[in-house]
Amino acid sequence: MTRPASSASSDPFERSCRRWLRVFPSGWRHRREEEVLTVLLNASRPGQQRLDAAQGLDLAGAAALAWSRATAALARRAPGTSAGALVLVTGLVWLVLPAAAVRQSEPVALPDVLPGYSYVTASASSSPPGPAVALYQQGYGVELADAPQAVVVGAGGAVRRLDLAEARGEGAQGDPGAMLLSPDGRRVAVGRYDDDAPDIALQDLTSGAVTHSAVVAGRAVLPLAWSPDSRALLAVVRDAPWNPYSVDAERGASGTPVLVGVDGAVSTLPPGAPSAVVEAAFSPDGRQVALQAEGGSLVVLDRGSEDLRTLEATGSLLGQAAWSPDGRWLAVRRACAVGLVPTSPAPTDPVAPSGSVGSAAECVPGLSSSSRFVGWATPSAVVVDEPVDASGAELDPQPVVAVDAVSGGRTVLSGVPTASANYVVSRLQVPAVALAGAAGQHGTAPSPGYDHGRGALVLQVLALVLLAGAVALLVAAAAALARRASHLVTARRVGGRPGLS
């Protein structure tokens with residue numbers, strides 16, 4: 001039985017056929033739709049109301065072939081425009097589609113290689129990296145095309161720029177602002193170097209959300225130390241702006257100590273605590289906090305009883321990671337890069353039965369003056385990063401090394417590529433669990449496949465436009481050469497002389 005084809009029909013089978021034929025290019029439909037529709041109607045079964053699966057697959061394959069031929073014909077007519085448009089549309093679709101979810105995991109071990117400098121790394125605010133295994137500054141702004149960056153590395157391999165810190169780097173040679181990673185790697189605190197209404201901004205690295213503390217009375221507020229549970233932050237408030245490159249920077253940024261909660265509440269230390277503090281470190285159990293007073297003395301505050309005691313030894317406390325994992329030692333800078341101060345009467349043997357360092361190891365051996373303290377790998381091994389070797393030559397990659405506090409034995413845990421030292425790494429911060437994990441794997445913790453996310457939109461769009469233009473020009477030039485060659489061949493065949501056009 002033959003069914004007549006018509007442009008408007010109540011026949012359900014014909015309507016089904018016409019819906020399928022809409023997937024073909026408009027030019028093809030103009031030429032062949034009615035012809036193919038007639039064939040389909042003539043081949044239909046009595047009572048058939050829609051195309052079956054086999055017929056649908058045949059039409060889909062024919063449509064794909066028709067589209068490929070139509071695209072090829074368009075490319076022959078306008079090759080440069082077609083290629084440029086294809087690249088541009090593909091890139092715009094890539095920009096508009098949502099990014100893949102970041103794989104988040106807990107910081108277990110510092111990887112053997114950290115990511116190097118990149119211009120197209122996404123921000124932590126737009127694409128949170130998850131709990132961080134490392135935070136550091138890369139670049140000092142003194143080399144060509146060297147813009148200092150705050151780089152946060154998620155334990156799952158996501159690499160992001162800490163845009164919150166980069167936006168708060170007032171008056172510091174373009175450096176990111178004062179930033180401090182929490183012990184669990186889930187939060188980062190960023191202070192103010194110079195502001196009329198300074199505050200502490202706390203960013204959750206798993207969600208990107210930012211909480212601001214209450215505004216403090218001063219011009220600068222700098223984070224010094226997180227509590228071990230990452231629920232409280234000790235900071236100092238200064239009446240004057242702070243520049244980390246000033247002549248006073250080596251003595252530290254002295255200021256009035258305050259406690260900042262993760263909810264942004266600000267409170268003061270108990271009466272009797274030093275009124276001006278330079279550095280601080282919480283004990284591993286969180287019950288005590290070591291404070292370096294402005295005059296250089298080291299005191300320990302018991303957070304429960306509010307008692308204070310002064311340590312006999314002196315030195316510059318080496319940041320929030322200074323307290324050893326077993327609670328027996330504080331790392332300080334004195335005549336050596338890393339010296340050890342006992343927090344209570346210590347044994348006389350170099351290494352106690354527990355493996356902790358004895359009083360004989362007053363200075364950690366094997367370190368140069370350029371070695372920078374990062375934390376502890378074990379109760380008897382400190383971790384430093386070393387920008388230069390023994391001769392003073394800058395290193396690439398810049399190593400992160402665990403050093404035995406008694407023997408000076410060394411284990412390289414990680415390193416950061418510096419592009420032949422043009423992008424020097426500084427202010428390296430690593431959660432204690434990641435240092436311990438890397439030491440447990442003997443410095444061979446594998447590096448994940450780093451994901452830099454989507455970089456700055458403006459840069460990517462600009463690069464895309466340039467790429468599309470370049471492709472269009474190349475294709476147009478190739479087409480012009482092909483036409484010229486065809487003209488020459490045709491001219492030779494007819495025995496004529498090719499023209500100059």
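**Figure 1. A positive surface patch formed by R15, R19, R22 and R50.** In this predicted model, four arginines, R15, R19, R22 and R50, make up a positive patch on the surface. R50 belongs to the loop that connects helix 2 (26–42) with helix 3 (53–77). With a relative accessible area of 58%, R50 is exposed, because the cut-off for that class is over 50%.

**Figure 2. S26 in helix 2 and its distance to W67.** S26 is a residue of helix 2. Its relative accessible area of 63% places S26 among exposed residues. Along the chain, S26 and W67 are 41 residues apart, and their C-alpha atoms are separated by 9.8 Å.

**Figure 3. The salt bridge between D52 and R45.** The closest N and O atoms of D52 and R45 are 3.5 Å apart, and the two residues form a salt bridge. D52 is partly exposed, at 29% relative accessible area. R45 is also partly exposed, and its relative accessible area is 46%. The search of the whole structure finds 17 salt bridges.

**Figure 4. The salt bridge between D199 and R168.** The side chains of D199 and R168 meet in a salt bridge with an N to O distance of 2.8 Å. This pair links distant parts of the chain, 31 residues apart. D199 lies in the loop between strand 5 (187–190) and strand 6 (201–204), whereas R168 lies in the loop between helix 5 (163–166) and strand 4 (179–181). Are these partners buried or exposed? D199 counts as buried at 8% relative accessibility, and R168 is buried with a relative accessible area of 4%. Both residues are classed in this way because the cut-off for burial is under 20%.

**Figure 5. The salt bridge between D385 and R372, with a network elsewhere in the chain.** D385 forms a salt bridge with R372, and their closest N and O atoms are 2.8 Å apart. D385 is part of strand 20 (residues 381–385) and R372 is part of strand 19 (residues 372–378), so the salt bridge ties together parts that are 13 residues apart in sequence. D385 counts as buried, at 4% relative accessibility, while R372 counts as partly exposed, at 23%. In a separate group, E14, R18, R29, E33 and E34 are joined into one network by salt bridges that share partners.

**Figure 6. The hairpin of strand 12 and strand 13.** Strand 12 (residues 277–282) is largely enclosed by the rest of the structure, because five of its six residues are buried. Strand 12 pairs with strand 13 (residues 288–293) in the antiparallel sense, over five bridges. Within this pairing, F282 has V289 of strand 13 as its bridge partner. Five residues lie between the two strands of the hairpin, and G286 in the turn has a positive phi of about 80 degrees.

**Figure 7. The hairpin of strand 21 and strand 22, with the cis peptide bond from D396 to P397.** Strand 21 (residues 398–404) and strand 22 (residues 410–416) run antiparallel and are joined by six bridges. V401 stands opposite V412, a residue of strand 22. The hairpin formed by strand 21 and strand 22 has five residues between its strands, and G408 in the turn shows a positive phi of about 80 degrees. P397 is found in the loop between strand 20 and strand 21. The peptide bond from D396 to P397 is cis, with omega near 0 degrees.

**Figure 8. Positive phi values at E306 and R427.** Most residues other than glycine have a negative phi. E306 is not a glycine, yet its phi is positive, at about 65 degrees. E306 lies in the loop between strand 14 (298–302) and strand 15 (308–310), and its relative accessible area of 41% makes E306 partly exposed. R427 likewise has a positive phi, near 55 degrees, in a residue other than glycine. R427 lies in strand 23 (residues 425–429). With a relative accessible area of 28%, R427 is partly exposed.

Methods. Residues numbered from 1 in each chain as written. Predicted model: local features only at pLDDT ≥ 70, side-chain atom pairs only at ≥ 80, totals over all residues. Heavy atoms only, no water. Buried < 20%, exposed > 50% of the residue type's maximum accessible area, 1.4 Å probe, protein only. Helix = DSSP H or I, 4+ residues; strand = E, 2+ residues; numbered from the N terminus. Patch = residues over 30% accessible without salt bridge, like charges linked within 9 Å, V, L, I, M, F, W, Y side chains within 5 Å. Areas by Shrake-Rupley, 256 points an atom, 1.4 Å probe, with all protein chains shown as cover. Lys, Arg positive; Asp, Glu negative; His and termini not counted. Charge placed at Lys NZ, Arg CZ, Asp CG, Glu CD. Pairing = 2+ DSSP bridges.
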